[in-house]
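This report is meant for someone meeting the structure for the first time. Please look over the sequence and the model before reading on.

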Amino acid sequence: MGRGASAYFGTMFDVGSQGRVTLGEYALVHGARIICDSTIEIHDYALISWNVLLMDNYRVPRDPDARRHLLERVPVLSDRRLDGNTEPAPIVIGRNAWVGFDVCVLPGVSVGEGSIVGARSVVIEEVPPFTVGAGNPARVIRTLQR
Ligand SMILES: CC(C)(COP(=O)(O)OP(=O)(O)OC[C@H]1O[C@@H](n2cnc3c(N)ncnc32)[C@H](O)[C@@H]1OP(=O)(O)O)[C@@H](O)C(=O)NCCC(=O)NCCS
């Protein structure tokens with residue numbers, strides 16, 4: 001946590017043994033779910049609104065048999081952790097970016113410096129710096145002054 005960073009009540013950190021979440025200076029996270037097995041970087045002055053999901057790993061296999069076996073194992077694990085050995089991919093939320101409420105950011109995606117992600121968007125690819133991205137899937141709807 002950087003100087004002046006905040007993670008408000010309701011923010012959930014589900015961080016695996018190799019995971020690392022960083023909040024830059026004056027970054028503010030307001031009740032997000034953060035699921036991290038590699039790295040999730042939230043840079044300085046980034047604002048993450050209510051109920052956002054940042055997920056660097058799906059944790060669940062696509063193959064139905066493998067998924068069933070995973071679910072059978074969960075009840076006998078001491079931590080009951082759902083972990084299908086799937087590959088994580090880092091997430092970066094750039095400096096001064098603003099991620100609107102109910103947004104879902106998928107593995108391997110970055111939101112560029114100064115950008116805005118519209119409410120309820122699903123971010124499946126990079127939102128370039130100083131743009132507004134919105135929708136499902138999120139697309140650039142405008143560019144911003146630097
Ligand atoms: C994205 C946002 C900032 C508006 O940006 P804007 O540049 O003023 O966009 P506009 O309202 O002019 O809309 C431009 C287009 O994007 C679409 N759009 C805007 N927000 C959208 C969203 N969240 N999801 C999908 N489409 C969206 C509009 O329908 C419009 O489409 P059209 O050109 O086909 O008519 C705003 O809609 C938003 O989602 N704000 C987030 C608010 C929030 O989360 N607040 C939490 C408090 S921290």
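What follows describes the chain as a whole, then its sheets, its loops and the surroundings of its ligand.

## The chain as a whole

The model shown here is a predicted one, and its secondary structure comes to 1 helix and 16 strands. The radius of gyration of the chain is 16 Å, close to the 15 Å that the globule rule gives for 146 residues, so the chain is as compact as a globular protein of that length. Along its principal axes, the C-alpha trace spans about 50 × 30 × 20 Å.

Of the 146 residues in the chain, 31% are buried. When contacts between residues at least 6 apart in sequence are considered, 23% of them join residues that are at least 24 apart.

## A sheet of four strands

One open sheet is made of 4 strands in the order E3-E6-E9-E12, and its pairing is parallel. E3 and strand E12 (110-111) stand at the edges with a single partner strand each, so one side of each is left without a neighbour in the sheet.

In a regular strand the side chains alternate between the two faces of the sheet. Strand E3 (residues 20-23) shows such an alternation, since Val21 and Leu23 point to one face and are buried, while Arg20 and Thr22 point to the other face and are not buried. E3 is joined by 4 bridges to strand E6 (residues 39-42), and the two run parallel. The two buried residues of E3 named above each have a bridge partner in E6: for Val21 the partner is Ile40, and for Leu23 the partner is Ile42.

## A sheet of five strands

Another open sheet has 5 strands, arranged in the order E2-E5-E8-E11-E14, again with parallel pairing. Its edges are strand E2 (12-15) and strand E14 (122-123), each of which has a single partner strand, so one side of each is left without a neighbour in the sheet.

At the E14 edge, strand E11 (residues 104-105) is joined to E14 by 2 bridges, and these strands run parallel. Within this pair, Cys104 stands opposite Val122 in E14.

## Backbone details in the loops

Two asparagines have a positive phi although they are not glycine: phi is near 65 degrees for Asn51, and near 65 degrees for Asn96 as well. Asn51 lies in the loop between strand E7 (47-48) and strand E8 (53-55), whereas Asn96 is placed in the loop between strand E9 (91-93) and strand E10 (98-99).

Are these two residues buried or exposed? Asn51 has 17 C-beta neighbours inside 10 Å and therefore counts as partly exposed, and Asn96, with 19 other C-beta atoms within 10 Å, is also partly exposed. A residue needs 20 or more such atoms to count as buried.

A further backbone detail is found at Pro137, where the peptide bond from Asn136 is cis, with omega near 0 degrees. Pro137 has its place in the loop between E15 and E16.

## Around the ligand

There are 13 residues around the ligand, and those that come nearest are Ser49, Gly100, Gly118, Ala119 and Ala134. By class, this shell has 6 nonpolar, 5 polar and 2 charged residues.

Strand E15 (131-134) and strand E16 (139-143) each supply at least two residues of the shell. The loop between these two strands is the one that holds Pro137, the residue that follows the cis peptide bond from Asn136.

Definitions and conventions. Residues numbered from 1 in each chain as written. Predicted model: local features only at pLDDT ≥ 70, side-chain atom pairs only at ≥ 80, totals over all residues. Near = placed C-beta within 6 Å. Nonpolar A, V, L, I, M, F, W, Y, C, P; charged D, E, K, R; others polar. Pairing = 2+ DSSP bridges. Rg over C-alpha atoms; globule rule 2.2 N^0.38 Å. Buried ≥ 20, exposed ≤ 12 C-beta atoms within 10 Å, placed from the backbone. Contact = placed C-beta atoms within 7 Å.
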